[in-house]
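Here are some short exercises to work through with the model open in your viewer. Try each task before reading its solution.

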Amino acid sequence: MNQESLGFIFINACFINNFVLAYFLGICPFLGVSGSIATASRMGAAVTFVMLISSICAFGIHTLLVAIDAPYLELISYIVVIASTVQTVEMFIKKVSPTLFRQLGIFLPLITTNCAILGLALFQTNRGYNFVQCLVYALGAGAGFTIAIVIMAGLREELDLSDVPGVVRGTALALMLAGLLSLTFTGFAGLGG
Amino acid sequence: MSTSNIAPAGSNPVMDTDAFIKGLWRENPVFVQVLGMCPVLAVSNTAINALAMGVAATFVLVMSSTLVSLFRNFIPKQVRIASFILIIATFVTIVDFLIQAISLDVHKALGAFIALIVVNCIILGRAEAFASKNSLGKSILDALGMGVGFTFALLCLGIVREVLGAGTLFDIPVLGDGFQAWSIMLLPGGGFFTLGAWLLVFSIMRERKKNKAVAK
């Protein structure tokens, strides 16, 4: 399959190079908010949404910075613009749809400093994607994050019911689970290649 | 913020060393506070990468803590987080170009993770929780302690993963020719397993200590 094709970009971001399990981006919410499937899927939706917005922003900034020839400002402008955009979107949603705000509310500000969001902006710049490719890449990355965190939440819900030695409980066990999941996702490596 | 917020203990040498030591062990950012996981897992596949990442993060941590502490009385409270992020992003950009100038190989190996130091929660956490409230000297010591603690944790992972995954340490073979490398340790999964194992070691140690204290 063509490396540049939209389908490949989506599958690549979603499965082969899953943001959480292959690039280790967004580990904090992955471990912190994966207590129940319902919360996890909402978190996934919020992340996907922010990824789409910040991907559009990053594309705009990159085009502008190339035009004025100031690549060293890239990182600073990315983080500032992404943070303020998310803040604006948050206020907008609060005004327009209080229901949606209650669903995403707590997570939106948390996501701003999520490394997966900035990572996405940096990767799409490095690979020189065009506008449509950027959108598909963001969508794939968001879907990949959602899949990973929902599977993790499912595993942890089961784990709560099982008899585990007290000393292993908590982060150590969650990391072991994540390791197994990550190995499983390594199996996707040949996909679409 | 008034000057009365600065702890008078800042002039006490015992307290000063404590600000440094606590980051190393008791409040180790990775093993105890479980912060800044992304770079810890991603770049700890070899000891050299781990060391480079640790030094880069320590530099950013110390420099941004210095600046935040110097400006702590001038930054309005409402925009403090945004200002901290700007300060941190400036130093990360400097480090990015510095590493590129010093060693292109290391820069390639660390990739986007140098830029991602910006969103490392340890750095913003120290700026918010310590440097914005304490005097310059204490803030620098605290940042240095946290940075060295972070580097120590990265090295713990990097050494285990490189020795088991490639049979080398800092590119020098250590396990002899007969050793069959565990390539799983270099895969992303190996990172999760190694960190999980280290956390397990630490929680067993804590449990032992607690039991001893109870027995007394």
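A nonpolar core is a set of buried Ala, Val, Leu, Ile, Met, Phe, Trp, Tyr and Cys residues joined through C-beta atoms within 7 Å. Keep in mind that this is a predicted model.

**Exercise 1. Find which residues touch the most other members of the largest nonpolar core.**

Solution.
- Step 1: the largest nonpolar core holds 115 residues.
- Step 2: within this core, A:Leu118, B:Val60, B:Ile88 and B:Val118 touch the most other members.
- Step 3: helix 3 of chain B, residues 47-70, provides the largest share of this core, with twelve residues.
- Step 4: now take A:Leu118 and set aside residues up to four places away in sequence; A:Leu118 then touches A:Tyr78, A:Ile79 and A:Ile82, along with B:Leu116, B:Val118 and B:Val119.

As background, nonpolar side chains tend to be buried together in soluble globular proteins.

**Exercise 2. Describe the fold of chain A from its helices, strands and overall dimensions.**

Solution.
- Step 1: count the elements; chain A has nine helices and zero strands.
- Step 2: read them from the N terminus, which gives α-α-α-α-α-α-α-α-α.
- Step 3: along its principal axes, the C-alpha trace of chain A spans about 60 × 45 × 25 Å.
- Step 4: compare with the globule rule; a compact globule of 193 residues would have a radius of gyration near 16 Å, and the 18 Å of chain A agrees with that.
- Step 5: check burial and contacts; 44% of the 193 residues of chain A count as buried. Of the chain A contacts between residues at least 6 apart in sequence, 80% join residues at least 24 apart.

**Exercise 3. Work out what chain B brings to its contact with chain A.**

Solution.
- Step 1: the contact takes 30 residues from chain B and 30 residues from chain A.
- Step 2: on the side of chain B that touches chain A, helix 2 (37-42), helix 4 (80-102) and helix 8 (188-215) each supply at least two residues.
- Step 3: helix 8 of chain B gives the most to this side, with twelve residues.
- Step 4: sorted by class, this side of chain B has 23 nonpolar, six polar and one charged residues.

**Exercise 4. Decide whether B:Gly196 is buried or exposed, and list its contacts.**

Solution.
- Step 1: locate B:Gly196 in helix 8 of chain B.
- Step 2: B:Gly196 is buried because 20 other C-beta atoms lie within 10 Å, and the cut-off for buried is 20 or more.
- Step 3: leaving aside neighbours within four places in sequence, B:Gly196 is in contact with A:Ala172, A:Leu175, A:Met176 and A:Gly179.
- Step 4: within chain B, the C-alpha atoms of B:Gly196 and B:Phe31 are separated by 9.9 Å, although their positions lie 165 residues apart along the chain as a sequence separation.

Conventions. Residues are numbered from 1 along each chain as its sequence is written. Chains are lettered from A and ligands numbered from 1 in the order in which they are written. This is a predicted model: local features need pLDDT of at least 70, side-chain atom pairs count only at pLDDT 80 or more; totals for chains, interfaces and linings use all residues. Two residues are in contact if their C-beta atoms, placed from the backbone, lie within 7 Å. Helices (H or I, at least four residues) and strands (E, at least two) are DSSP runs, numbered from the N terminus. Ala, Val, Leu, Ile, Met, Phe, Trp, Tyr, Cys and Pro count as nonpolar, Asp, Glu, Lys and Arg as charged, and the others, Gly among them, as polar. The radius of gyration is taken over C-alpha atoms; the globule rule is 2.2 Å times the number of residues to the power 0.38. A residue is buried if 20 or more other C-beta atoms lie within 10 Å of its own, exposed if 12 or fewer, and partly exposed in between; C-beta atoms are placed from the backbone.
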